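Thank you for having me at the group meeting today. Please take a moment to look at the sequence and the structure, and then I will go through them with you piece by piece.

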Amino acid sequence: MKLGDFVSVCYYDQGISEWTTPFHGFICMTPNDHADAVWQMWCIERNTFHILSPHKDRIEVVSEA
């Protein structure tokens, strides 16, 4: 993943032991941006930023920037 990539992300919901429906957005921060940076996307469905955990979340790059 890199800045500007369009992604689809599912999060594991431990409350119901299932994956969420996909959220879609654009990568707006990567760990390479600065010392305190994390993977982050701007979510289209919720109009907010989401922090991503590549080793935990199900992330698909739909379209590269």
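The protein has seven strands and zero helices, where helices (H or I, at least four residues) and strands (E, at least two) are runs assigned by DSSP and numbered from the N terminus. Read from the N terminus on, the elements therefore simply go β-β-β-β-β-β-β. Before going further, I should say that this is a predicted model, in which local features need pLDDT of at least 70 and side-chain atom pairs count only at pLDDT 80 or more, while totals for chains, interfaces and linings use all residues. Residues are numbered from 1 along each chain as its sequence is written, and side-chain values use heavy atoms, with hydrogens and water left out.

Let me begin with the overall dimensions. Taken along the principal axes, the C-alpha atoms of the protein fill a box of roughly 35 × 25 × 20 Å. For 65 residues, a compact globule would have a radius of gyration near 11 Å, and the 12 Å of the protein agrees with that; this radius is taken over C-alpha atoms, and the globule rule is 2.2 Å times the number of residues to the power 0.38. The accessible surface comes to about 4,400 Å², and 52% of it belongs to carbon and sulfur atoms, with areas from the Shrake-Rupley method with a 1.4 Å probe, where for residues only the protein chains shown count as cover. Of the 65 residues, 28% are buried, and here buried means under 20% relative accessible area, exposed means over 50%, and partly exposed lies in between (1.4 Å probe, protein chains only).

Now to the sheet. In what order do the strands of the open sheet lie? Five strands form it, in the order β6-β5-β4-β1-β7, and the pairing is antiparallel, where two strands pair if DSSP finds at least two bridges between them. The edge strands are β6 (48-51) and β7 (58-63), each of which pairs on one side only. On average, neighbouring strands of this sheet are turned by 40 degrees against each other, direction ignored; the axes behind that value are lines fitted to C-alpha atoms, for helices over the stretch in contact, and angles run from 0 to 180 degrees between N-to-C directions.

Strand β1, residues 6-10, pairs with β7 in the antiparallel sense over five bridges, and four bridges join β1 to the antiparallel strand β4, residues 23-29. S8 lets us see both pairings, since S8 stands opposite E60 in β7 and has H24 as its bridge partner in β4. Four of the five residues of β1 are buried, so this strand is largely enclosed by the rest of the structure.

Which residues make up the largest nonpolar core? There are eight of them, namely V7, V9, Y11, F23, I27, M41, C43 and L52, and such a core is a set of buried Ala, Val, Leu, Ile, Met, Phe, Trp, Tyr and Cys residues joined through side-chain atoms within 4.5 Å. The elements that give two or more residues to this core are β1, β4 and β5 (40-43). Not counting residues up to four places away in sequence, V9 touches several residues, among them F23, M41 and L52, where contact means heavy atoms within 4.5 Å.

Towards the other edge of the order, β5 and β6 pair in the antiparallel sense over four bridges. They form a hairpin with four residues between them, and N47 in the turn has a positive phi of about 55 degrees. Within this pairing, F49 in β6 is the bridge partner of W42.

I would like to finish with three residues from three strands. Is Q40, found in strand β5, buried or exposed? Q40 is buried, with a relative accessible area of 15%, whereas C28, which has its place in strand β4, counts as partly exposed at 31%, and F49 is partly exposed at 48%. Leaving aside neighbours within four places in sequence, Q40 is in contact with residues including C28 and F49, and F49 touches C28, Q40, M41 and W42. The C-alpha atoms of F49 and C28 are separated by 8.7 Å, although the two residues are 21 residues apart along the chain. C28 also has L3 among its contacts, and the C-alpha atoms of these two, 25 residues apart along the chain, are separated by 5.5 Å.
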